[in-house]
Amino acid sequence: MTLKTLRLSTALLATAALLAVAGSPSAQPASTPPAGSATATSDNAVLLTVFLKHDQSRPLGELNAQLKKQGFYKAFPPPGVEVVSWTVVMGIGQVVTLRLPASRVREVNRVLEDAAWGAYRTEFFLSYDYKAVGLENHQKAQ
């Protein structure tokens, strides 16, 4: 794959991911998200970093009880979504980076809306793997 083709592919992936997040007129109603079976490949994968910010006005035991009641750990991450990292950032909460097909971003969002809200405030950062392009540019510059 040439650098130009790789750049075009990553631009298309980013566009597809944004469309998946934004939805479209033909998308299913919000109450019935599709349970995706697509798996991430080099042609369709995006990275989704999720900040799960603790509600610091409530004790941890109470938050964990709410997460259990809402089925958070049973539902998140959805089957087939790869966890790249899952860390605790003291004073903030948890930071989870997932690798998944762009078509499944909405599904992950809905799982978090249903199972994490109340215990966490969420922030999302959508990205894509640029390592090959960056290293190729570095190598050409040498």
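Q: In what order do the 4 strands of the open sheet stand?
A: The model is a predicted one. Its 4 strands form an open sheet, and their pairing is antiparallel. Across the sheet the order is β2-β3-β1-β4.

Q: Which strands stand at the edges of the sheet, each with a single partner strand?
A: An edge strand has one side without a neighbour in the sheet, because a single strand pairs with it. This holds for two strands, one covering residues 82-89 and the other residues 120-127. They are β2 and β4.

Q: By how many degrees are neighbouring strands of this sheet turned against each other on average?
A: The angle is taken between neighbouring strands, with direction ignored. On average it is 15°.

Q: How many bridges join strand β1 and strand β3?
A: Strand β1 spans residues 45-54, and strand β3 spans residues 93-101. One bridge partnership between them is that of L47 with R99 in β3. The two strands pair in the antiparallel sense, and their bridges number 9.

Q: What pattern of helices and strands does the chain follow along the sequence?
A: The chain holds 5 helices and 4 strands. Read along the sequence, they give the pattern α-β-α-α-β-β-α-β-α.

Q: Which residues of helix α4 are buried?
A: Helix α4 covers residues 105-115. Of its 11 residues, 8 are buried, so the helix is largely enclosed by the rest of the structure. For the whole chain of 142 residues, 30% count as buried. The buried residues of α4 are V105, R106, E107, V108, R110, V111, L112 and A115.

Q: How are the rings of F76 and W86 arranged as a pair?
A: A search of the whole structure finds 6 aromatic pairs. In the pair of F76 and W86, the ring centres are 5.5 Å apart and the planes stand at 75°. Planes over 60 degrees apart count as edge-to-face. The pair of F76 and W86 is therefore edge-to-face.

Q: How many residues apart in sequence are the parts that the pair of F76 and W86 ties together?
A: F76 lies in the loop between α3 (72-75) and β2, while W86 lies in strand β2. The pair thus ties together parts whose separation in sequence, in residues, is 10.

Q: Which residues are linked into a cluster by ring pairs?
A: F76 and W86 both belong to the cluster. F76 is buried, with a relative accessible area of 2%, whereas W86 is partly exposed at 31%. Y120, another member, lies in strand β4 and is buried at 5% relative accessible area. The full cluster is F72, Y73, F76, W86 and Y120.

Q: What is the area of the nonpolar surface patch made by Y73, V83 and W86?
A: W86 is found in strand β2 and counts as partly exposed at 31% relative accessibility. Together with Y73 and V83, W86 makes a nonpolar surface patch. The area of this patch is about 270 Å².

Q: Is P77 buried or partly exposed?
A: P77 lies in the loop between α3 and β2. Its relative accessibility is 23%, and buried means under 20%. P77 therefore counts as partly exposed.

Q: What distance separates the C-alpha atoms of P77 and V96?
A: Along the sequence, P77 and V96 are 19 residues apart. In space, C-alpha to C-alpha, the distance is 9.6 Å.

Q: What distance separates the C-alpha atoms of Y120 and Q94?
A: Y120 lies in strand β4. Y120 and Q94 are 26 residues apart along the chain. Their C-alpha atoms are separated by 9.2 Å.

Methods
Residues numbered from 1 in each chain as written. Predicted model: local features only at pLDDT ≥ 70, side-chain atom pairs only at ≥ 80, totals over all residues. Heavy atoms only, no water. Pairing = 2+ DSSP bridges. Axes fitted to C-alpha atoms, helices over the stretch in contact; angles between N-to-C directions. Phe/Tyr/Trp six-rings, centres within 6.5 Å; stacked < 30°, edge-to-face > 60°. Buried < 20%, exposed > 50% of the residue type's maximum accessible area, 1.4 Å probe, protein only. Patch = residues over 30% accessible without salt bridge, like charges linked within 9 Å, V, L, I, M, F, W, Y side chains within 5 Å. Areas by Shrake-Rupley, 256 points an atom, 1.4 Å probe, with all protein chains shown as cover. Salt bridge = Lys/Arg side-chain N within 4 Å of Asp/Glu carboxyl O.
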